[in-house]
Amino acid sequence: MSIVKKRRITRQITIGSVKIGGGAPVAVQSMTNTYTQDVASTAFQIQKLSKAGCEIIRVAIPDMEAARAVKKIKKQIDIPLIADIHFDHRLAIAAAENGADALRINPGNIGAESKVKKVVQCAKNNGISIRIGVNSGSLEKDIELEFGNGSEAMAKSAQRNIELVRGMDFHDIKLSVKASDVSRTVEAYRLVSSQTDLPLHVGVTEAGGLIAGISKSALGIGMILAEGIGDTIRVSLTRDPGEEIRTAWEILRALEIRKRGVEIISCPTCGRCRIDLFNIAEKVENALLEYTTPVKIAIMGCVVNGPGEAKEADIGIAGGDGIGILFKKGKFVKKVPQDQLIDVLLEEVKKYTMSRRELNGEKG
Ligand code: SF4
């Protein structure tokens, strides 16, 4: 039985070709870390992220050159692009006019209401949606003075800005209420999800480097998703955005919300292990990053416990002394010289995924 509560149904919006909310699959997004003005590098990074499973990409728009670059980048990518704007509402307008599929603004730092209204009118004219991105670190001064910077303050800021935008008869909005710690983030999402039917973009902001960031994101995003809250997620790491995509999919897979690509079960190794399992696991993981068909594989340190401990894997290998074994669903298939273990496993995974795709009538 799933530990995830029934998904809360929100209003549906679309970002380019991707539906958000209203029962649509939880979409995975990330943000580029190239200079947006550098069209070639940005488009290349987006193409790479898209192959790894990124479904929506956000780019920073720090100046007019970046806003104008959106048009050229869009021609080279096949996933929707969100323009991320801070401080200057004119950049939001320029990005929208250059073809952004959605805007992300933080109303707390856009300034006067009249400026927010100009952005909303522009989104309306271009038929695109807006994310109201409330961050605990950049709340409106008056809200911070009265409520501090906890979940209640974030919800107040969200409420105020939703009212402002909806007051302009604009409803293609999604909302985020992020803090850099798990407690405030989870509390804030619980609060806003009880107050609004808007689709929610979930993430823990500025979560940190690889280990801290993954831990905080898995806990924060995981807890929120497990409560049935959240329509799209972004893992935020001080790393290559490719790691964000991998982490996002691992979170969705661990909660059995969505499946994609290769799931690897591997043992931590112990005194029985006679092969370089860390290296093998990493090589296999990297070689299979762009596989999309769900398949579970096991990479185990020894034959004593390996196959038995990984019975649920579709395909697996277990190390020995100079020689390892290949097994499928826990059953022995053949012995393989140690230096051929990776190649044999990769070949088997390729065959397996091809047969699954044929079975499902997929092309390519
Ligand atoms: Fe140790 Fe073998 Fe278990 Fe790995 S599979 S932890 S090497 S006993």
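# A walk through two domains and two sheets

A search of the whole structure turns up zero disulfides. Keep in mind from the start that this is a predicted model. A disulfide is a covalent bond between the sulfur atoms of two cysteines. Two cysteines are worth finding while you are on this topic. Cys54 counts as buried, because its relative accessibility is 2%. Cys302 counts as buried too, at 12% relative accessibility.

Now step back and look at the overall layout. The protein is divided into domain 1, covering 13-254, and domain 2, covering 262-359. Taken over C-alpha atoms, the centres of domain 1 and domain 2 are separated by 38 Å.

Let us start with the sheet of eight strands. This sheet is open, its pairing is parallel, and its strands follow the order 8-7-6-5-4-3-10-9. At its edges you will find strand 8 (173-178) and strand 9 (201-202), each of which pairs on one side only. Further in, strand 3 (residues 27-31) pairs with strand 10 (residues 232-234) in the parallel sense, over three bridges. To see this pairing residue by residue, pick out Val28, whose bridge partner in strand 10 is Ile233. A helix belongs in this picture as well: helix 7 (residues 151-166) lies across strand 7 (129-135) and strand 8. Compared with the direction of strand 8, helix 7 runs at about 165 degrees.

The other sheet comes next. Here five strands form an open sheet in the order 11-12-13-14-15, and the pairing is mixed. Strand 11 and strand 15 (331-337) are the edge strands, each pairing on one side only. On average, and ignoring direction, neighbouring strands of this sheet are turned by 20 degrees against each other. Strand 11 and strand 12 (residues 295-300) run parallel and are joined by five bridges. Within this pair, Ile265 stands opposite Ala298 of strand 12. Helix 11 (residues 277-287) packs on the sheet, where it touches strand 11, strand 12 and strand 13 (315-318). The direction of helix 11 makes about 160 degrees with that of strand 12.

With the sheets in place, we can visit a few single residues. Ser50 is part of helix 1 (residues 39-52). Is Ser50 buried or exposed? At 18% relative accessibility it counts as buried, because the cut-off for that word is under 20%. And which residues does Ser50 contact, leaving aside its neighbours within four places in sequence? They are Asp78, Ile79 and Arg260.

Two more residues catch the eye through their backbone angles. Phe87 has a phi near 70 degrees, a positive value in a residue other than glycine. You can find Phe87 in the loop between strand 5 (81-85) and helix 3 (89-97). Its relative accessible area is 60%, so Phe87 is exposed. Glu256 is not a glycine either, yet its phi is positive, at about 60 degrees. The loop that holds Glu256 runs between helix 10 (241-254) and strand 11 (262-266). Glu256 is exposed, because its relative accessible area is 63%.

Conventions
Residues are numbered from 1 along each chain as its sequence is written. This is a predicted model: local features need pLDDT of at least 70, side-chain atom pairs count only at pLDDT 80 or more; totals for chains, interfaces and linings use all residues. Side-chain values use heavy atoms; hydrogens and water are left out. Helices (H or I, at least four residues) and strands (E, at least two) are DSSP runs, numbered from the N terminus. Buried means under 20% relative accessible area, exposed over 50%, partly exposed in between (1.4 Å probe, protein chains only). A disulfide is a pair of cysteine sulfur atoms within 2.5 Å. Domain bounds come from an automatic or database domain assignment. Two strands pair if DSSP finds at least two bridges between them. Contact means heavy atoms within 4.5 Å. Axes are lines fitted to C-alpha atoms, for helices over the stretch in contact, and angles run from 0 to 180 degrees between N-to-C directions.
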